[in-house]
Every structure is written in structure tokens, then in C-alpha cells.
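Reader: Could you pick one part of this and give me a proper close look, then work outwards from there? Plain bench talk is fine.

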Amino acid sequence: LVHLHVKNLALIEETEVEFGPGLNILTGETGAGKSILLGSIQLILGGKTSRSMIRENASYALVELLFQVENTKARESLAALDGQVLMSRKIMDGRSINKINGETSTVSQMKAAAACFLDIHGQHEHQSLLYGDRQLAILDVYGKERILPAREKVREAYREYRNCMDQLKALDMDEEQRNREKAFLEFEINEIEEAALVPGEDEMLEDRYRKLSNARRIMETAQMVHGLTGYEQGAADMTGNALKEFSRIVDYDKELAPLQEALGEIDSLLSDFCRDLSSYMDSLTFDEETFFETEKRLDLINGLKAKYGQTIPEILSYQKEQQEKLEKLQKFEENFQFLKEKLVQTEKVLEEVSHELSEIRKEYSKQLDEKIIDGLKELNFEDVDFSIRFDRRKNYTDNGYDTVEYEISTNPGESRKPLGQIVSGGELSRIMLAIKLLLAD
């Protein structure tokens, strides 16, 4: 961090801070603004913004941090070709504009980028060291090369184990409940089977029902159309007469020939139409029994659609699913025994990979113990003894069965005790600093 620019933030109108290499110290009386400067840096790390942060009578607040990037990987990932990254956050009423090297970014993108360059070691964050899950996470990060692949094996084995447990739980019902479920499935399956559905028959029945229910209207309209287009003073009769009259003059002018041909086609079309319509009318009958059976069948199919699916294929698919459930229930004992045996196998695998993970963690914990002790000695813990104690959970998790406790003795002759029981806030801060130095990469 080489430069900090703050404008219109809280009590600060505008200030710039230049940082040099090595240790930089900001001092000042209470209220001089040290916390505001630190808070401005936390905004770049993704801290929450509010309108109250903006200086009174100002329309916005601005924070800019300039980093000189030495790490090649970080420089490439952030396109810092000149080795510098400028991060800014402009806070306005109800929103903020975030930029990295002039490019607009989201808060999460800025937070991820800033994490490559900056870490704030505050007065309270070391309290997280008191939680066992946090202590285990620190160990896992330290030995990530071997621990993370082993932990992934545990996760996969745990998924298999939980899946088997869930299936067993689903099967684990009393006999009365099982019989009720079987009876319900059998009723649904039989109701669909008895209907003997055929894909597409609903559409065919609807067409037939529409025709039968409108048979009288169809016949009356067909008769009227037949009269208008037929040979008893209808269009066919008139067209025939017109064709006869036209044939008497066609020889007088060659231009009349196409018209005669067109009229002949009309006469032919009307003749075909009248013949087909007459045939249709002869075949049109209304059978009340057929109408009743069609209506009854449609009501049955629509009733099944209301229960089991919007279409016949959906109903048949539902029947297949229920049949599979019924077969599972009928094979309950067989399935239950199979799953019990599978659970034993998956638990054995989970135990093996959890044990493997635990052993790897213990290897790295010995290394971490020594390095933390060395780090603490550099921070003026002269007679310090530090160790990571392992315990086993009662149940499995997707992170293995380990629980850990960081134990420390800061005075010669005293036995090691958990961090939270013996160390002060200042000591916790130094321990966290020692761990951060180890994990800085």
C-alpha cells in the first residue's frame, strides 16, 4: 500500500497519506481520525456503506487506495501491467461506485481483489481463534496440499453414507402405515389400468363428440348448402346453363376460349362438390347410444386427467411411477436388508477415509505446533508451550470426525490449557499474528 486518498468521509474533508516500505505507524490523540482512516481501508475490503458516512453538506465520499504489486500472479490476474493497482469506492446516497484501475466492478469483485493485497489485524477478530471449527480450518489451510484432497474423499464418502441413511429412514415405517400406502397405490394403479387408455384416443373422442353433439345443425346446414349449390335451381344448375349459353358464342371470338375453360372448371368443381356433399349427408347419422358411450368415455378420461396428469401419456407415466413404488413396498424386507448392508459398507469406507484424513491432520499439526511456538517466541513468549489436541466426534460429518482444541502454556511449569481459559486479549492478538505470518502465502 503506497497511497491513501480520503475525501468527504465522516469528519475528514480531504486527506492523503503516503506509505513507505517496511513498518508505517500512524499516531494521534483520541478523535484525531485514526479509526476513520482504518475504516476507509475496510470499505475497500467490502465493508458496508451508508449515507451517514458522507461528510455533512457533501454529496459523496471517496476512498482511493494505490498498491504497488510485486507478485507476478496477482499482477497478471488484475491486469496491472505497470505493477500498480488503483482501487476506489465512491459512496453516494443509497449506492456506491466501485472501480479497479478505472474499470467498474461489484463489491464482491473488489473484496476478492483487495484480499490479494491487504489484511487487517484488528482488536477483536482474534476472538475467532476460540472456536474449534476455526482452529480446525486453520490447520486444514496450513496442510492444504494433502488435507484438502483427503477431505474431498471424506465428503464423497459422507454423501454416500447420508444417502443410504436417508433411504433407510424413508423405508423405516410401521407395518400399518406400509399397508395403507400399498392399498392407496394399488387403488390408483387399478383405476388407471381399468381405463385401458390409448394415447390419442381423447382427441379422437373429442372430435366425435363435437360432431355428434352438433349433428342436427350439421345436417340442416348441409341441406341448405346443397340446395344453394345443387342442380335444382342451385349454383350447379345455373353454372350448367351458363356453360351451355357460353358455348354458343365461343366460336365467334378466340378470346372467349379461356373464359369458357374457366367456367367449365367451375362447373366441374361444383359437380364434384355436390356429389361429395350428397355422399356425406347420406353417411351422416345420429346414434344416441354412440353419443352416450362417447360422452361417458370422455368423462372418465377427464376425471383421470384431473387426478393424475394433463394428458394420457402423463397419466400412463404416473401409473408407471406408482407401480415402481408399489414394487419397492412389496420388496420392502429385501430392500431394507440390502440398505442395511450397504450402510455398513459405506460407514466402513467413511471410517477409513476419515481416519486417513485425521492422520494427515495430526502430521501437519506437529509441524504447525513447532512453527507457532517459534513464531510466538519471536513475539516475546519466552517459555511458551503450544499444542493442538485432537478429539473424536460422536458422529460423522462431511469434514471427518475430528475436533481440535488449541492448547497453550505461557508460563514455565504450567500445564497446557485451552486458549480461551488462560490467555488475555493481548496474548490472543499475538497468537493470531503468529498464525497469520505462517499462512500469509
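Author: Let's start where α4 meets α13: Leu136, Leu139, Asp140 and Tyr142 in α4 touch Arg361, Tyr364, Ser365, Gln367, Leu368 and Lys371 in α13, contact being heavy atoms within 4.5 Å. By class, that patch has 5 nonpolar, 2 polar and 3 charged residues. (Ala, Val, Leu, Ile, Met, Phe, Trp, Tyr, Cys and Pro count as nonpolar, Asp, Glu, Lys and Arg as charged, and the others, Gly among them, as polar.) Helix α4 covers residues 132-142, and its axis sits 10 Å from that of α13, at an angle of about 95°. Axes here are lines fitted to C-alpha atoms, for helices over the stretch in contact, and angles run from 0 to 180 degrees between N-to-C directions. So α4 is roughly perpendicular to α13; the cut-offs are under 35 degrees for roughly parallel, over 145 for roughly antiparallel, 65 to 115 for roughly perpendicular, and oblique for the rest.

Before going on, a word on what you're looking at: this is a predicted model, where local features need pLDDT of at least 70 and side-chain atom pairs count only at pLDDT 80 or more, while totals for chains, interfaces and linings use all residues. Residues are numbered from 1 along each chain as its sequence is written, and side-chain values use heavy atoms, with hydrogens and water left out.

Now stay on α13, which runs over residues 332-378, and look at α15, residues 425-438: their axes come within 9 Å and cross at roughly 120°. That puts α13 oblique to α15. The crossing is right-handed, the near helix being turned clockwise from the far one by less than a right angle (anticlockwise would be left-handed). On the α13 side you'll find Leu368, Lys371, Ile372, Gly375 and Leu376, and on the α15 side Arg430, Ile431, Ala434, Ile435 and Leu438. This contact has 7 nonpolar, 1 polar and 2 charged residues. Leu368 and Lys371 are worth a second look: they touch α4 and are also part of the α15 contact.

Just before α13 in the numbering there's another helix pair. α11 (residues 288-308) and α12 (residues 312-330) bring their axes within 10 Å and cross at roughly 60°, so α11 is oblique to α12. This crossing is left-handed. Ile301, Leu304, Lys305 and Tyr308 from α11 meet Ile312, Glu314, Ile315 and Tyr318 from α12, which divide into 6 nonpolar, no polar and 2 charged.

Past α13 you reach an open sheet of 3 strands, in the order β7-β8-β9 with antiparallel pairing; strands count as paired if DSSP finds at least two bridges between them. β7 (385-397) and β9 (417-418) each have a single partner strand, so one side of each is left without a neighbour in the sheet. β8, residues 400-409, is joined to β9 by 2 bridges, and Glu407 has Pro418 as its bridge partner.

There's another open sheet, of 6 strands in the order β2-β1-β3-β4-β5-β6, again with antiparallel pairing. β2 (12-18) and β6 (103-105) are its edge strands, pairing on one side only. On average, neighbouring strands are turned by 15° against each other, direction ignored. β1 is tied to β2 by 6 bridges, with Leu9 partnered by Ile12. Their hairpin has 2 residues between the strands, and Ala10 takes a positive phi near 55° there. Further along, 8 bridges link β3 (residues 61-68) to β4 (residues 84-92), and Glu64 pairs with Ser88. β4 then connects to β5 (residues 95-100) through 6 bridges, with Met87 opposite Ile100. The β4-β5 hairpin has 2 residues between the strands too, and its Gly94 takes a positive phi near 85°. Lying across β1, β2, β3 and β4 is helix α1 (residues 34-44), at about 100° to β1.

Zooming out, the chain has 15 helices and 9 strands, which are DSSP runs numbered from the N terminus (helices H or I of at least four residues, strands E of at least two). Its C-alpha atoms fill a box of roughly 130 × 70 × 40 Å along the principal axes. The radius of gyration is 43 Å, where a compact globule of 441 residues would be near 22 Å; that's taken over C-alpha atoms, and the globule rule is 2.2 Å times the number of residues to the power 0.38.
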